[in-house]
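Q: Please take a close look at one part of this model, the boundary between the domains, together with the ligand shell and the annotated lysine.

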Amino acid sequence: MFSKRFEKKAFKAAVKDNVKTLYRKTIDEATPQQLFQAVSYAVKDVIIDDWIETQKRYDETDAKTVYYMSMEFLMGRALGNNLINMTAYKDVKEALEEMNIDLNVIEDQEPDAALGNGGLGRLAACFLDSLATLNYPAYGCGIRYRYGMFKQKIKDGYQVEVPDNWLKEGNPFEIRREEYAKEVRFGGNIRFEKDPVTGKDKFIQENYESVMAVPYDMPIVGYGNHVVNTLRVWDAKPITDFKLDEFDRGNYHKAVEQENLAKLIVDVLYPNDNHYSGKELRLKQQYFFISASLQALIEKYKKKHGDIRKLYEKVVIQMNDTHPTVAVPELMRLLIDVEGLSWEDAWEVTSKTCAYTNHTIMAEALEKWPIDLFSKLLPRIYQIVQEIDRRFLIKVREMYPGNEEKVRKMAILMNGQVRMANMAIVAGFSVNGVAQLHTEILEKQELKDFYQMMPEKFNNKTNGITQRRFLAHGNPLLADWITDKIGDGWITDLSQIAKLKPLVEDEDARREFMEIKYQNKVRLAKYIKEHNGIDVDPRSIFDIQVKRLHEYKRQLLNILHIMYLYNQIKEHPEMSFYPRTFIFGAKAAAGYLRAKETIKLINSVADVVNNDRSINGKLKVVFIEDYRVSNAEILFAAADVSEQISTASKEASGTGNMKFMLNGAPTLGTMDGANVEIVHEVGEENAFIFGLSSQEVINYENNGGYNPTDVYFNDWEIKRVVDQLMDGTYSNGDHNMYINLYNSLLNTQCTDKADTYFILKDFRSYADAQKRVEEAYRDQQRWSKMAMMNTACSGKFTSDRTIEEYVRDIWHLEKVEVPSGQDLFE
Ligand code: B1N
């Protein structure tokens, strides 16, 4: 974008001007927040020209577009990332320095756009970055939550949730598009009529409530290619009086209700990761943004094309898990009721347009809406779902005559529920998992019946991450070093990072690599000192587990092992032990008791261990408050060890694992999700693998689980740490503080439901792997090779590769070149 020549003078003048017009201030008088706003508006000004140019080119070339439908986009901060992708970061940093402004300080003024929970939402954000960078026409479609993921405070060791008022100071990068507002209707009843002229069936929704959906567009800047795509997130506002039906005018009660609905619907992101809660408001959110997005997309298509039957030639809809799958019946409704297509034609269009990604096999995450709730809120949609189901079951019975078991398993409507995954699979032309192992489990276990009936739909797309944010922006020291060694091609073609492999044998290169790691550890140590008041030694091993808190991710295994190490150090002070800093970061869903207890346990262990002077600082435990995209960048850069210890088969892919690898941290993990592929790329000798295999876990599960008391009574060191949950060691004598954790492991009354995540079963194997980590780290030559090999072998895990695979196998898009928009700075 600044590729011609960055005009420092013009940029500085723009910033100065913005401070003046926005705040009636001079640069010296402005607050850091005001400077952030002023700088961002100057940057946005440049983006806008390319944004306009890009959309013009898409229009001219009439290129096929992917609509990525997602309830979550975990974008993080925009300013730094935009500057990186405009290839202007360093120039802007320098220009600001000349004005006595520190870009880092300015960046820290920006709140994270936390419109997502974890991996699923961040994946959507990485995909948008890759789509723009690879010149593909794309929209992200989602919700502009007033409150994103809650901010986490730790009080007295417990998590406290604080509302995330991220829009408080205004979002300089968004644009409200009032002119594209769409009406969305809920509830009421459906009246059926025959059109007297055409004789066609007509379905008229009556007595409904409605809201206006108003889009906000956010620019998605591609790297160095002038492409600017759009993330469109919908806000809600009440229908104004003059737009109301005759029937509703002057209906005061209804007016108030609709006002409340508009306020409520986009109010807050549901803070659940891998968990379905069945709330009516959540279904409202889903239908709200889907209906608005589909109306807008059809309108846009019809401006250029006469025949809606060919929609799939220009549009493909990717559904990010089942959360947006109400898109299937809604598209059917729009095609039949509004566009006048027959069922058969509408079905052909819909099933050639929609594709579905599955992100989890956790049973508690499956969306199964109660039929009475679903049909009341979306009466017409429900009729359509019934018809989809009816027609599908005819096919099932044709294929498997007399096999009612198949019908029960595959039906969309069953036991009073709408099974959204089944609908997505039936309607979608593609069903994909997010890592090889995950897709295999879908095909062979979870979705076996569907796979047998329609194997051609199934495919794998192993997840990826964007190296622009997680290396170029998050780890500038390493990024510059890599560019110095192999050129900057890796920024848009991560396979080139393999050029580092020969350097692994070069001792100087390794020393430099480790020196950069050390500097990044110093940066994190400083962050920890500022935020936690804890001194950590950057020469100790930084062992990091950052991700949402969930039992299947087994933060409990990690902290129990730390308790075990502490016992050993206390018992054998003479034992040689390489100093370790264990770092955690994790948010727990607000109502998830055991997850919250785990946070308290981590903090209590940290208190005891960090303040025990007798262990000479050999062990430190740190809980990073409010783990989010912005501090994640600092954590990945500083990690020595990447903890990826989920119960095998439970983590569909994981993406944090890839961010650690890219930044040179070997994986300590189970053979789960994408860990399997990471190990395949980097070699077993450059990872620390432990624990049950996914097949072993599945076998146990199919045979009623295992008995953790066997482990407990046969391994006194394990017994000791489990008992320490109850004996007051980490609770100032309170014997009840961790009772839920204790019961989850042992629950002696009901053994069949104990330790469902195989923590005790895998404990020894984990402790052994940790021992191997320590041995490897002691040999700094060996360790530096391992660390560098991880970076050098991370090429596969760029989201650019993932997106190229989606394009090749599912979306069939073509690249569109965009000439530079007018450069305001020249
Ligand atoms: O999606 C990520 C994967 O890398 C992770 O392994 C996977 O756990 C994650 C309901 C989810 N799956 N399902 C969810 C999120 C919110 C919600 O309300 C489910 N998140 C994942 C990307 O593929």
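A: What follows treats the domains and their contact, then the ligand shell, the lysine and the core.

This is a predicted model, in which local features need pLDDT of at least 70, side-chain atom pairs count only at pLDDT 80 or more, and totals for chains, interfaces and linings use all residues. Residues are numbered from 1 along each chain as its sequence is written.

The protein is divided into domain 1 (8-463) and domain 2 (469-690 + 759-797), with bounds that come from an automatic or database domain assignment. Taken over C-alpha atoms, the centres of domain 1 and domain 2 are 33 Å apart. Their contact takes 42 residues from domain 1 and 34 residues from domain 2; two residues are in contact if their C-beta atoms, placed from the backbone, lie within 7 Å. On the domain 1 side, the elements that give two or more residues are β2 (73-76), α3 (79-85), α6 (119-133), β5 (151-155), β6 (158-162) and α16. Helices (H or I, at least four residues) and strands (E, at least two) are DSSP runs, numbered from the N terminus. The most, five residues, come from α6. This side of domain 1 divides into 14 nonpolar, 20 polar and eight charged residues. Here Ala, Val, Leu, Ile, Met, Phe, Trp, Tyr, Cys and Pro count as nonpolar, Asp, Glu, Lys and Arg as charged, and the others, Gly among them, as polar.

Helix α16 (residues 436-446) has Leu437, His438, Thr439, Ile441 and Leu442 as its buried residues, where buried means that 20 or more other C-beta atoms, placed from the backbone, lie within 10 Å of the residue's own. They pack against β18 (431-433), β19 (458-460), α25 (675-682) and α26 (694-702).

The shell around the ligand also draws at least three residues from each of domain 1 and domain 2. Of its 19 residues, Gly119, Leu120, His359, Thr360 and Ser653 come nearest; a residue is near if its C-beta atom, placed from the backbone, lies within 6 Å of the molecule. The shell divides into five nonpolar, 11 polar and three charged residues.

Lys659 lies in helix α24 (residues 656-662). An unreviewed UniProt entry annotates Lys659 as "modified residue: N6-(pyridoxal phosphate)lysine"; such annotations may be inferred rather than shown by experiment. Lys659 counts as buried because it has 30 C-beta neighbours inside 10 Å. Leaving aside neighbours within four places in sequence, Lys659 is in contact with Ile465, Phe470 and Phe636.

How values were computed: A residue is buried if 20 or more other C-beta atoms lie within 10 Å of its own, exposed if 12 or fewer, and partly exposed in between; C-beta atoms are placed from the backbone.
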